[in-house]
Amino acid sequence: MNFILPFIPETSLFSLKSKMYSWMGVKLGGNVRICSSLRVRGIGNLNIGANTWVGHDCRIISTSMVHIGKNVDIAPNVLMTTGTHSVDITGERVAGEGKSEDIIIGDGTWIASSVTILPGSVIGEKSLVAAGAVVRGVFPPGVLIGGVPAKIIKNLN
């Protein structure tokens, strides 16, 4: 895929790209639009719901599960990664045993540009993640999330 996609126009031929990702084992809803510069790495499960947009230069690095709901908008340069380490201050290095934690993004959510979503994050439906945020944790539906580290800025309801 990573050898073929650079030759496909970035914001067209979405049905062809969807078929290619489906062949790779990605579970896609209908009318998913993925820009050609998306990079998917790892052996995890990736589910993307119907009517979702995945923007330019996004990366998904997964060894467990990434679930992106339906009607989600993901802006350019978003990173999602499920791999991390336990902290081990007594071992030879601080990065202790490796582990993987799922990422879940609720329906109708908007992830703005240059957001990093870390392992174990859950973003509730119809939430907005502000540009440049670093998300780690569980967030309820209908909130504006922003900052480094990300926190709830306000309720959108």
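## Contacts along the chain

Among the contacts in the chain with a separation of 6 or more, 21% are between residues 24 or more positions apart. The model described here is predicted.

One example of a pair distant in sequence is Ile-117 and Thr-81: 36 residues separate them in sequence, and their C-alpha atoms are 6.6 Å apart in space.

## Overall form

The chain has one helix and 20 strands. Its radius of gyration is 16 Å, close to the 15 Å given by the globule rule for 157 residues, so the chain is as compact as a globular protein of that length. The C-alpha trace spans about 50 × 40 × 20 Å along its principal axes.

The accessible surface of the chain is about 8,200 Å², and carbon and sulfur atoms account for 58% of this area. Of the 157 residues, 39% count as buried.

## The nonpolar core

The largest nonpolar core contains 30 residues. Those with the most contacts inside this core are Ile-68, Ile-74, Met-80, Ile-105, Ile-111, Ile-117 and Val-135. Two or more residues of the core come from each of these elements: strand E4 (45-48), strand E7 (65-68), strand E12 (103-105) and strand E19 (143-146).

## Two residues of the core

Ile-117 belongs to strand E14, which covers residues 116-117. Is Ile-117 buried or exposed? Its relative accessible area is 0%, and buried means under 20%, so Ile-117 is buried. Apart from neighbours within four places in sequence, Ile-117 is in contact with Leu-79, Met-80, Thr-81, Ile-103, Ile-105, Ile-111, Ile-123 and Val-135.

Val-135 is another of the core residues with the most contacts. Which residues does Val-135 touch, leaving aside its neighbours within four places in sequence? They are Val-115, Thr-116, Ile-117, Leu-118, Ser-121, Ile-123, Val-129 and Ala-150. Ile-123 is thus listed as a contact of Ile-117 and as a contact of Val-135.

## A nonpolar patch on the surface

Nonpolar residues also occur on the surface: Val-87, Ile-89 and Val-94 form a patch there. Together they have about 350 Å² of accessible area.

Val-87 is in strand E10, which covers residues 83-87. The relative accessible area of Val-87 is 66%, and exposed means over 50%, so this residue is exposed. Val-87 is therefore exposed at 66%, whereas Ile-117 is buried at 0%.

Terms used
Residues are numbered from 1 along each chain as its sequence is written. This is a predicted model: local features need pLDDT of at least 70, side-chain atom pairs count only at pLDDT 80 or more; totals for chains, interfaces and linings use all residues. Side-chain values use heavy atoms; hydrogens and water are left out. Patches are made of residues with over 30% relative accessible area and no salt bridge: like charges are joined within 9 Å, nonpolar side chains (Val, Leu, Ile, Met, Phe, Trp, Tyr) within 5 Å. Accessible areas come from the Shrake-Rupley method with a 1.4 Å probe; for residues, only the protein chains shown count as cover. A salt bridge is a side-chain nitrogen of Lys or Arg within 4 Å of a carboxyl oxygen of Asp or Glu. Helices (H or I, at least four residues) and strands (E, at least two) are DSSP runs, numbered from the N terminus. Buried means under 20% relative accessible area, exposed over 50%, partly exposed in between (1.4 Å probe, protein chains only). A nonpolar core is a set of buried Ala, Val, Leu, Ile, Met, Phe, Trp, Tyr and Cys residues joined through side-chain atoms within 4.5 Å. Contact means heavy atoms within 4.5 Å. The radius of gyration is taken over C-alpha atoms; the globule rule is 2.2 Å times the number of residues to the power 0.38.
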